[in-house]
Amino acid sequence: MKQEKAVVVFSGGQDSTTCLFWAMENFSEVEAVTFDYGQRHALEVECAKDIAEELGVKHHILDMSLIGQLAPNALTDTGIEVADGEDGGLPSTFVPGRNLLFFSFAGILARQIGAKHIVTGVSETDFSGYPDCRDAFVKSLNVTLNLAMDGQFVIHTPLMWLDKSQVWELSDQLGKLDYVRTKTLTCYNGIQADGCGECPACRLRRKGLETYVGKKGGTVLPDGGSAEEVALP
Ligand SMILES: [Zn+2]
């Protein structure tokens, strides 16, 4: 794989940034694609832009604002509060078929830039009910993309079977835990690094970090201290 080119579906969050580092480790050439779909905080796209620039990765930003027309939801409509799904239902951030659209566009872009590999940070472990995060869907779309464009694409999902603590572990193995912790944006309230600490995304991210750091015998400071303050042995 080393000699080949990959495009990473990149949001500037913990998962996709970890995937970006994973791809940089595994492919000779890496580009990133971010979908701008009127996120609650344009900061998310800005964050992605900053990271790509800092890492010297060519960055494509595609306008996907039509998503907002198709599915008003908590990520794009500030009138809807972000909440967990009730009674096993989907969370209010759910945009039906979002990854179907995103990965299809990523495939078309991959074709245009001559990349055989497409990398995404979807995970079935913490998938919170999103059916298009599932492994079966990704494999099915991989076949569809190849049929659609007569291609030999390979979609990689390095996080598919990892929980959040294992995602932190992977970033640590790549030597990038501090970078991921301080530079990425996962928070629904648009706060970088450790975030607001209250929203579902922050709680999941933090729980994973505490589990991973705890496993290594360290502790995470409760006030959302900086990466340097994470006590790792
Ligand atoms: Zn938050």
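This report describes the fold, the sheet, the helix packing and two backbone features of a predicted model.

## Overall architecture

The protein contains 8 helices and 5 strands. Read from the N terminus, its elements follow the sequence β-α-β-α-β-α-α-β-α-β-α-α-α. Of the 233 residues in the protein, 37% are buried. Among contacts with a separation of 6 or more, 63% link residues that are 24 or more positions apart.

## The sheet

The strands form an open sheet of 5 strands in the order 3-2-1-4-5, and the pairing is parallel. Strand 3 (58–63) and strand 5 are the edge strands, each pairing on one side only. From one strand to the next, the twist averages 25°. In general, the strands of a sheet pair through backbone hydrogen bonds, in either a parallel or an antiparallel sense.

## Strand 1 and its two neighbours

Strand 1 (residues 5–9) is mostly covered, with 4 of its 5 residues buried. Strand 1 runs parallel to strand 2 (residues 29–36), and 5 bridges join the two. The connection between them passes from strand 1 through helix 1 to strand 2, making a right-handed β-α-β crossover. Three positions show how the pair is aligned: Lys5 stands opposite Glu29 in strand 2, Val8 has Ala32 as its bridge partner in strand 2, and Val9 stands opposite Val33 in strand 2.

Strand 1 also runs parallel to strand 4 (residues 117–119), to which 3 bridges join it. Here the bridge partner of Val8 is Val119 in strand 4. Val8 is therefore bridged to strand 2 through Ala32 and to strand 4 through Val119, in a strand of which 4 of the 5 residues are buried.

## Strand 2, strand 3 and helix 2

Strand 2 is largely enclosed by the rest of the structure, because 6 of its 8 residues are buried. Strand 2 pairs with strand 3 in the parallel sense over 6 bridges. In this pair, Ala32 stands opposite His59 in strand 3. Ala32 is also the residue in strand 2 that partners Val8.

Helix 2 (residues 43–55) lies across strand 2 and strand 3. The direction of helix 2 is at about 170° to strand 2.

## Packing of helix 6 against helix 1

Helix 1 (residues 14–26) and helix 6 (residues 164–173) have axes that come within 10 Å and cross at roughly 35°. The crossing of helix 1 past helix 6 is left-handed. On the helix 1 side, the residues involved are Gln14, Asp15, Thr18, Phe21 and Trp22, and these meet Val167, Leu170 and Ser171 in helix 6. By class, this contact of helix 1 with helix 6 comprises 4 nonpolar, 3 polar and 1 charged residues.

## Packing of helix 6 against helix 8

Helix 6 also packs with helix 8, at an angle of about 65° and with the axes 7 Å apart. This crossing of helix 6 and helix 8 is right-handed. Helix 6 contributes Lys164, Ser165, Val167, Trp168 and Glu169 to the contact, while helix 8 contributes Leu204, Arg205, Lys207, Gly208, Leu209, Thr211 and Tyr212. The contact of helix 6 with helix 8 divides into 5 nonpolar, 3 polar and 4 charged residues.

Val167 of helix 6 appears in both contacts: it meets residues of helix 1 and takes part in the contact with helix 8.

## Positive phi outside glycine

Asp150 has a positive phi, near 50°, although the residue is not glycine. Asp150 is placed in the loop between helix 5 (135–149) and strand 5 (154–156). Asp150 is exposed, because 7 other C-beta atoms lie within 10 Å and the limit for an exposed residue is 12 or fewer.

Ala193 likewise is a residue other than glycine with a positive phi, here near 60°. The loop that holds Ala193 runs between helix 7 (177–183) and helix 8 (200–215). Ala193 counts as partly exposed because it has 17 C-beta neighbours inside 10 Å, whereas a buried residue needs 20 or more.

Note on methods. Residues are numbered from 1 along each chain as its sequence is written. This is a predicted model: local features need pLDDT of at least 70, side-chain atom pairs count only at pLDDT 80 or more; totals for chains, interfaces and linings use all residues. Axes are lines fitted to C-alpha atoms, for helices over the stretch in contact, and angles run from 0 to 180 degrees between N-to-C directions. A crossing is left-handed if the near helix is turned anticlockwise from the far one by less than a right angle, and right-handed if clockwise. Two residues are in contact if their C-beta atoms, placed from the backbone, lie within 7 Å. Ala, Val, Leu, Ile, Met, Phe, Trp, Tyr, Cys and Pro count as nonpolar, Asp, Glu, Lys and Arg as charged, and the others, Gly among them, as polar. Two strands pair if DSSP finds at least two bridges between them. A crossover is right-handed if, with the strands pointing away from the viewer, the path from the first strand over the helix to the second runs clockwise.
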